[in-house]
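The following exercises are intended for a reader who is new to this structure. Each task is followed by a solution in steps.

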Amino acid sequence: MDIFTMAIWILTAGFCIYSFVKDKDKTKKSLKMAFGMGKGMLGSILSIVFLIGLILTILPPEQISEFVEKQNLYLATFVSAAFGTITLIPAFIAFPLVGTLVDAGVGIVPSVAFLTTLTMVGIVTFPLEEKEFGTKFAIVRNTLSFAFAIIIALVMGVII
Amino acid sequence: MTNILKKLKGNLFIVIVIFGYIAMFIIKPQMGVEAIKNSGYYIKEMLLIMPVIFVLTALLDTWVPKQTIMKYLGKESKTKGIVVSFVLGGISAGPIYAAFPFCVMLHKKGASVRNIVIILSSWAVIKLPMLLNEVKFLGVRFMAIRWVLTVIAIIIFSWITSKMVKDEDLPKEVETKQDIVINSDACMGCSLCTKTYPELFQMQNKKACVKEYDFEIDCNKLQKAIDGCPVTAITDYRVKEITK
């Protein structure tokens with residue numbers, strides 16, 4: 001568990017105790033609400049988790065990076081950005097992977113595009129986002145994030 | 001039959017994933033096992049963060065008054081709102097979907113669409129623990145430039161989003177009959193009430209709502225549905241009138 005996750009646990013535990021001391025009934029109601037929220041999202045989240053596992057097995061990141069290394073810059077950028085949108089890879093795997101990409105001479109642009117879409121755009125999480133925020137919000141946010149991921153990557157290519 | 005179809009449609013995503021796994025196990029059992037192993041990490045990640053996010057969200061929902069949220073994250077919060085949103089997203093933990101229930105709660109309490117987008121995006125890409133990792137593998141310069149560009153990009157596209165998506169586009173209360181009301185902000189779509197009293201409640205857009213009815217309400221069944229609701233979203237104004 002990283003320190004930030006731990007901090008959130010501690011903070012929440014403290015908050016919970018404070019809340020309990022202040023108003024028992026309200027706290028009970030809140031916990032019930034939290035439980036309800038969890039129950040409501042559990043199915044979606046489990047599907048997301050298992051889908052990521054499935055995708056990573058069919059399309060392992062190593063294989064993608066091998067493919068990307070051989071392409072020209074624009075195709076490589078697009079492919080990495082697109083691959084980034086499908087999956088969510090934990091940072092501790094993503095950064096070494098991107099590091100290898102850069103070292104292998106793939107270039108900054110595809111690597112950054114991959115990094116940004118990886119975390120910000122989620123096709124896998126889209127159904128959940130749509131359910132929580134509505135279709136329009138989910139489409140606009142993901143599309144804009146994708147477009148800006150490419151822009152960020154291109155600008156970085158110029159600067160570095 | 002139509003009921004089964006409806007249910008399938010509501011859980012289409014889950015069904016697709018299950019079929020994906022079945023197909024995988026038939027074609028290449030080895031890869032199926034591999035896929036489940038790969039999912040293991042994400043399950044751990046989810047269990048580490050989601051319970052605490054739900055509790056924190058519910059507690060904040062209970063204790064932080066609407067005015068406070070509006071002041072710091074509402075439409076009029078301007079620069080202050082942007083900074084607060086970046087900080088909230090930046091110090092967070094967990095994957096982007098962990099931010100969903102948190103942001104839904106904030107929006108319900110008056111946070112603007114723009115600030116929600118900022119929180120979601122910074123939650124995703126500019127988290128502090130992530131940055132340290134990035135420095136380790138890609139260097140300080142790479143991280144710093146990417147960080148600055150990303151922040152600028154988020155400021156721009158959150159503004160565009162707020163121009164394109166209005167508050168009304170986000171899900172909110174479904175219109176209901178006056179006497180029995182379901183607070184759809186609270187409703188989590190567990191469909192318990194539709195199982196308890198299928199004649200009266202139905203699911204619409206994954207939220208429960210009250211059907212048009214012209215029959216005598218079975219008070220026992222209704223009370224069971226009200227008591228059964230995990231988020232106590234159902235209110236029966238009818239009863240109050242009778243007791244008056």
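**Exercise 1. Determine how confident the predictor is in chain B, and where its confidence is lowest.**

Step 1. The model is predicted, and chain B has an average pLDDT of 84, with 91% of the residues scoring at least 70.

Step 2. Consider next the elements of chain B: the highest mean pLDDT, 93, belongs to helix H9 (residues 140–164) of chain B, and the lowest, 50, to helix H12 (residues 237–243) of chain B.

Step 3. Look then for stretches of low score. In residues 173–177 of chain B the pLDDT stays under 50, and the model has twelve contacts beyond four places in sequence for them. Residues 239–244 of chain B also have a pLDDT below 50, but this stretch has zero contacts in the model beyond near neighbours in sequence.

Step 4. Predicted coordinates should not be read in detail where pLDDT is low.

**Exercise 2. State the domains assigned to chain B and the distance between their centres.**

Step 1. The domain assignment divides out domain 1 (48–169) and domain 2 (180–243) of chain B.

Step 2. Between the C-alpha centres of domain 1 of chain B and domain 2 of chain B the distance is 34 Å.

**Exercise 3. Describe the side of chain B that touches chain A.**

Step 1. For the complex, the predictor gives an ipTM of 0.85 and a pTM of 0.74.

Step 2. Chain A and chain B each bring 71 residues to the contact.

Step 3. On the side of chain B that touches chain A, the elements giving two or more residues are helices H2 (12–27), H3 (29–63), H6 (99–108), H7 (113–125), H8 (128–138) and H9 of chain B. H3(B) gives the most, with 25 residues.

Step 4. Sorted by class, this side of chain B comprises 52 nonpolar, twelve polar and seven charged residues.

**Exercise 4. Characterise the packing of helices H3 and H4 of chain A.**

Step 1. Helix H3 (residues 61–69) of chain A and helix H4 (residues 73–86) of chain A have axes that come within 9 Å and cross at roughly 165 degrees.

Step 2. Angles over 145 degrees count as roughly antiparallel, so H3(A) is roughly antiparallel to H4(A).

Step 3. The two helices, H3(A) and H4(A), cross in a right-handed sense.

Step 4. H3(A) makes the contact through Ile64(A), Phe67(A) and Val68(A), and H4(A) through Ala76(A), Val79(A), Ser80(A) and Phe83(A). By class, the residues of this contact of H3(A) with H4(A) are six nonpolar, one polar and no charged.

Methods: Residues are numbered from 1 along each chain as its sequence is written. Chains are lettered from A and ligands numbered from 1 in the order in which they are written. This is a predicted model: local features need pLDDT of at least 70, side-chain atom pairs count only at pLDDT 80 or more; totals for chains, interfaces and linings use all residues. Axes are lines fitted to C-alpha atoms, for helices over the stretch in contact, and angles run from 0 to 180 degrees between N-to-C directions. Helices (H or I, at least four residues) and strands (E, at least two) are DSSP runs, numbered from the N terminus. Angles under 35 degrees count as roughly parallel, over 145 as roughly antiparallel, 65 to 115 as roughly perpendicular and the rest as oblique. A crossing is left-handed if the near helix is turned anticlockwise from the far one by less than a right angle, and right-handed if clockwise. Two residues are in contact if their C-beta atoms, placed from the backbone, lie within 7 Å. Ala, Val, Leu, Ile, Met, Phe, Trp, Tyr, Cys and Pro count as nonpolar, Asp, Glu, Lys and Arg as charged, and the others, Gly among them, as polar. pLDDT is the predictor's confidence in each residue, from 0 to 100. Domain bounds come from an automatic or database domain assignment.
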